[in-house]
2 protein chains.
Amino acid sequence: MAVSSLFLILCSLPALFQITTAAKVRHFKWEVGALFSTPDCVENVVLGINGQFPGPTIRAKASDTIVVELKNHLHTEGVVIHWHGIRQIGTPWADGTASISQCAINPEETFVYRFKVDRPGTYFYHGHYGMQRSGGLYGSLIVDVADGEKEAFHYDGEINLLLSDWWHKSIYDQMVGLSSNPFRWIGEPQSLLINGRGQYNCSLAAKFTTGVAACPARNRSCQGNAFSVLPNKTYRIRIASTTALASLNLQIGNHKMVVVEADGNYVQPVAVDDMDIYSGESYSVLLTTNQSPSMNYWISLSVRGREPQTRPALAILNYKPNSPAKLPTLPPPVSPRWNDYEHSKSFSNKILALRGTPTPPVKVDRRIVLLNTQNKISGFTKWAINNISLVLPSTPYLGSLKYNLKNAFDAERPPEDFSKDYDVAKPAVNQNSTTGTTIYFLRFNSTVDVILQNANALAANVSEIHPWHLHGHDFWVLGYGEGRFKEEDVKTFNLKNPPYRNTAVIFPYGWTALRFVANNPGAWAFHCHIEPHLHMGMGVVFSEGIRLVGKIPKEALACGKTATILTDQHP
Amino acid sequence: MAVSSLFLILCSLPALFQITTAAKVRHFKWEVGALFSTPDCVENVVLGINGQFPGPTIRAKASDTIVVELKNHLHTEGVVIHWHGIRQIGTPWADGTASISQCAINPEETFVYRFKVDRPGTYFYHGHYGMQRSGGLYGSLIVDVADGEKEAFHYDGEINLLLSDWWHKSIYDQMVGLSSNPFRWIGEPQSLLINGRGQYNCSLAAKFTTGVAACPARNRSCQGNAFSVLPNKTYRIRIASTTALASLNLQIGNHKMVVVEADGNYVQPVAVDDMDIYSGESYSVLLTTNQSPSMNYWISLSVRGREPQTRPALAILNYKPNSPAKLPTLPPPVSPRWNDYEHSKSFSNKILALRGTPTPPVKVDRRIVLLNTQNKISGFTKWAINNISLVLPSTPYLGSLKYNLKNAFDAERPPEDFSKDYDVAKPAVNQNSTTGTTIYFLRFNSTVDVILQNANALAANVSEIHPWHLHGHDFWVLGYGEGRFKEEDVKTFNLKNPPYRNTAVIFPYGWTALRFVANNPGAWAFHCHIEPHLHMGMGVVFSEGIRLVGKIPKEALACGKTATILTDQHP
């Protein structure tokens, strides 16, 4: 053996060693396609991955690299997948947001998502183009602690609940209605789904409920899921909500839940009987199987914050050795009143960071106040932020920013605040708004406060819940308040143990204060996670440190001005 | 004035003069979008242009240049428009076939179609991506003779009939069914439409028909169209069929029709009581209003070649000064029996070129025999040509051929003929097939005979009608025959006055012989015009004279390998 070869082998050994004992590269080959499925007793077309709905669960360990070769097998539609809660540090092109981080993947083309899952936690993934998430394009992404590391709490087993809502009307029809004048709202979901299964127009607990039929036993999809447990053990229940619209309340009959994780970060353990979960949020709760082992118990999911026209979804907590098909003998838990916002606020305020979680910088460089309003633009119903309703440009921001392309988006700077005269308690005097593709440029490494200000919608006495989700970062939730945010509210900010999250809700007529450090080079969506609201313009785009963005894969640029301008040099 | 400026002006004058007095450039600004519409008494989502369904009619004169700035306003789908019957001489990138002539136009992007309409005639346009044509993306394109020129016949007025069929199930659901195993056929259309209007589950002629309700008068869409005429005049009725599936029969109560044009070429005048129109075909007929002017008459459209489960569509020929709302007092004409193929063949054989139409070259350079079979591929139901079921590559052929890109499509040459042992009268012994993206490379300016050979489908005793449409060329229809094509059938070819067309039908268990000259540089689809059949692979691609193709607009290349490879040189 030549000396040079030996040298090569010796130099390679540490790298090899590292790969086999520490972080792994986990490869997945996925095809997105439409398929027939029966999520809630009724057959429908859903978007799935590799013929599965919901999509396959990704399970990895902290520091692993995930590689998903995503082939689009839809016939005429583009597709992208967003890895919700993964910050994409150093890989902003893998964030999976059409028009922001990449070009949508065309039919029969493949895009390779390669990114690191740097932290353990409960995450999920979903489509981020049009309303494909609402169409069923989602799945779980669970990151365990790295080998040799320990979670902050003990548990004997796991249950994973991926929560969603479901319409019988296709997302194509829904989008047409939302974009029509007169406006047609999508209405309330026909069903809530737990791991892709719900009960439409029937109930597993029919014998406890008047006026509802039992679900047909021959229809497997209607029978819900049963999650098997052993008595006197502790289970970690991972929960993520990818609903298009519904805010949810989860209860498990006779059992307390101890919340320990929110959006991939540990929180101070807090025991609750029921918990609210907004779209875009994830949690872990611990459940101890300390109830009578002679029976099974209900897992019940109901709607919060909107007058419910959707029946609760039920699943079964199956105490072994009972049959998983044995229905609980007790009635399902009673859901809290849908508009008991005090109950919801009380839960949100209980979520506090576990000691050891990063704390917010005290010095703030910039404050952006974002007024959330429902508006009219040329007769069309929209949502707007500081009077701008977001429309996405055909050339993704990341590429046009990196290559400094002119006219790819509106160059004008969006407002930092809204008028002092604006009364958030009433419908706007002037309800008109404009559309825009503007960007909030953030100084790299600066600390930014965002005040999300809720307001009255178009109709009097209506103000809705909006869960806001930030891409590329976690933020600290410094506090929630009532009415219009005032300067003195700063004094109430929790700087000691604010929860570190990627999604936070604004309550009707209230405000929510967030802080984050703009330390992740890229272009990032920040938006209401209610899918039709985002579709109606309820979002903004942040950008920071673009000069530090590495080489964007050319497949992410193969559309719009990045495709045509970059080919200009070619003969 | 400097001498050079004067020189410039003088040299420009002839060009200016030409533009104003002869051929015009006609500009159109279109947005494709989905909208609510009620084609057949039932509200549905349709694809439309500028909020209209069917799309706006283009009217031009021979030698004009059409410029359509097409913006895609769909949310997640690409789009293209094919100008059916326009040969695109010198502009193969404007043919509007996704994956063949151009990249599909992404949402919010604009593609400029610029092409010359070189010949007068009755044409139409339609989507050519997925099943968007079936979704309603179509309209009329009518080219008049150039100023100073005369048509080959006289007429006093015009009526335009754009014929289609309509399903209540969305094209998205239809495509999923076609691509599923087990296979789900789209079924028969719910309605036939005349200029976008039909009658579902009701009839304008209810009083003549047992068991059918009258159409609700308050529903404007159900009331059909009335076409007003004056007595004792001659009208040119332009007819084009853009059906997804249905072969049609048209009748006008009490009136003869004299066929004078087929697919943009004059034919020998022939008087008929009813006429068959296959998807992809266009005709002009002359109608003389020589019947009693005291009443109105039915225009009736019914299904041919498939056992009809779809009611005829009716419209009204309104003799002025009768009210257009006045229903005819006679019952609608009786449609020919759906499977009276002798009647259909008799009509096809009557269509002969008018003297002065180009005649076919006598010397033939190549004969390609294309066997049409229904097949199974890994359990999926497909159509195949010489055992290859066409799948379209993600990089359009025109770009990958022009830039000589490797691995953009299957390099293997597809077969010129099929096995001598194959029995076209029976289901195939081996029904399996393969998919492919192969091309038939044609020598530039060579004369090619294509024998389209029909056969038995998967089930015994089933052989269907397939109307084949060629892009970029007209072909001569040399003849139709029964059973398997034999060498001696060549003797029966009509070389004297074969009709010059772009669409020709093959009858069950029969063959159709076509001849064309490969004189148009580009890549061209040749396919069954039944939309679900093409979706299931029933087509081939021809290419010729690629080295003579001019500069392809970069927007036509902004996808797939043409986008990524061409950007490779860029930093």
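A:K345 is buried, with a relative accessible area of 12%, yet its side chain meets that of A:E342 in a salt bridge, at 3.8 Å from N to O. The partner, A:E342, counts as exposed at 55% relative accessibility. Please keep in mind that this is a predicted model. Across all chains, a search of the whole structure turns up 56 salt bridges and six disulfides. The points below walk through some of these links, then a covered helix and an open sheet.

**Salt bridge within a helix**

- A:K345 and A:E342 both belong to helix α3 of chain A, which spans residues 341-350.
- They sit three residues apart, about one turn of the helix.
- The cut-offs place the two residues in opposite classes: buried means under 20% relative accessible area and exposed means over 50%, so A:K345 at 12% is buried while A:E342 at 55% is exposed.
- As general background, side chains of opposite charge can pair when their charged atoms come close.

**Salt bridges between strands**

- The side chains of A:R515 and A:D449 meet in a salt bridge, with 2.6 Å from N to O.
- Because A:R515 lies in strand β30 (residues 510-517) of chain A and A:D449 in strand β25 (residues 447-453) of chain A, this pair ties together parts that are 66 residues apart in sequence.
- Both ends of this bridge are covered: A:R515 is buried at 4% relative accessible area, and A:D449 is buried at 3%.
- A:R59 forms a salt bridge with A:D144, and their closest N and O atoms are 2.9 Å apart.
- Here A:R59 comes from strand β3 (residues 58-61) of chain A and A:D144 from strand β8 (residues 138-144) of chain A, so the bridge ties together parts 85 residues apart in sequence.
- A:R59 is partly exposed, with a relative accessible area of 34%, whereas A:D144 counts as buried at 18%.
- The A:R59 and A:D144 pair also belongs to a wider arrangement, since a network of salt bridges links A:R59, A:D144, A:E158 and A:R238.

**Disulfides**

- In chain A, a disulfide joins A:C41 to A:C222, with 1.9 Å from S to S.
- This pair links distant parts of the chain, 181 residues apart: A:C41 is in the loop between β1 (25-37) and β2, and A:C222 is in the loop between β10 (191-194) and β11 (226-229) of chain A.
- A:C41 counts as buried at 17% relative accessibility, and A:C222 is buried at 0%.
- A:C202 and A:C215 form another disulfide, their sulfur atoms 2.1 Å apart.
- The torsion about the S-S bond of A:C202 and A:C215 is about 95°, so this disulfide is right-handed.
- Both A:C202 and A:C215 lie in the loop between β10 and β11 of chain A, so the bond ties together parts that are 13 residues apart in sequence.
- Both cysteines, A:C202 and A:C215, are buried.
- In chain B, a disulfide joins B:C202 to B:C215, with an S to S distance of 2.1 Å.
- That chain B link is right-handed, with 95° about the S-S bond.
- Both B:C202 and B:C215 are buried.
- When the bonded cysteines of chain A are numbered in sequence order, the pairing reads 1-5, 2-6, 3-4.
- Elsewhere, A:C528 counts as buried at 0% relative accessibility, and B:C528 counts as buried at 1%.

**A covered helix**

- Helix α2 (residues 171-178) of chain A is mostly covered, with seven of its eight residues buried.
- The buried residues are A:I171, A:Y172, A:Q174, A:M175, A:V176, A:G177 and A:L178.
- Elements of both chains help to cover them, including β2 (44-49), β21 (380-385) and α5 (531-535) of chain A, and β1 (25-37), β2 (44-49) and α2 (171-178) of chain B.

**An open sheet in chain B**

- Four strands of chain B form an open sheet in the order β3-β8-β7-β5, and the pairing is mixed.
- β3 (58-61) and β5 (81-84) of chain B stand at the edges with a single partner strand each, so one side of each has no neighbour in the sheet.
- From one strand to the next, the twist averages 20°.
- β5(B) and strand β7 (residues 121-127) of chain B run antiparallel and are joined by four bridges.
- In β7(B), B:H126 is the bridge partner of B:H82.

Notes
Residues are numbered from 1 along each chain as its sequence is written. Chains are lettered from A and ligands numbered from 1 in the order in which they are written. This is a predicted model: local features need pLDDT of at least 70, side-chain atom pairs count only at pLDDT 80 or more; totals for chains, interfaces and linings use all residues. Side-chain values use heavy atoms; hydrogens and water are left out. Buried means under 20% relative accessible area, exposed over 50%, partly exposed in between (1.4 Å probe, protein chains only). Helices (H or I, at least four residues) and strands (E, at least two) are DSSP runs, numbered from the N terminus. Contact means heavy atoms within 4.5 Å. A salt bridge is a side-chain nitrogen of Lys or Arg within 4 Å of a carboxyl oxygen of Asp or Glu. Two strands pair if DSSP finds at least two bridges between them. Axes are lines fitted to C-alpha atoms, for helices over the stretch in contact, and angles run from 0 to 180 degrees between N-to-C directions. A disulfide is a pair of cysteine sulfur atoms within 2.5 Å.
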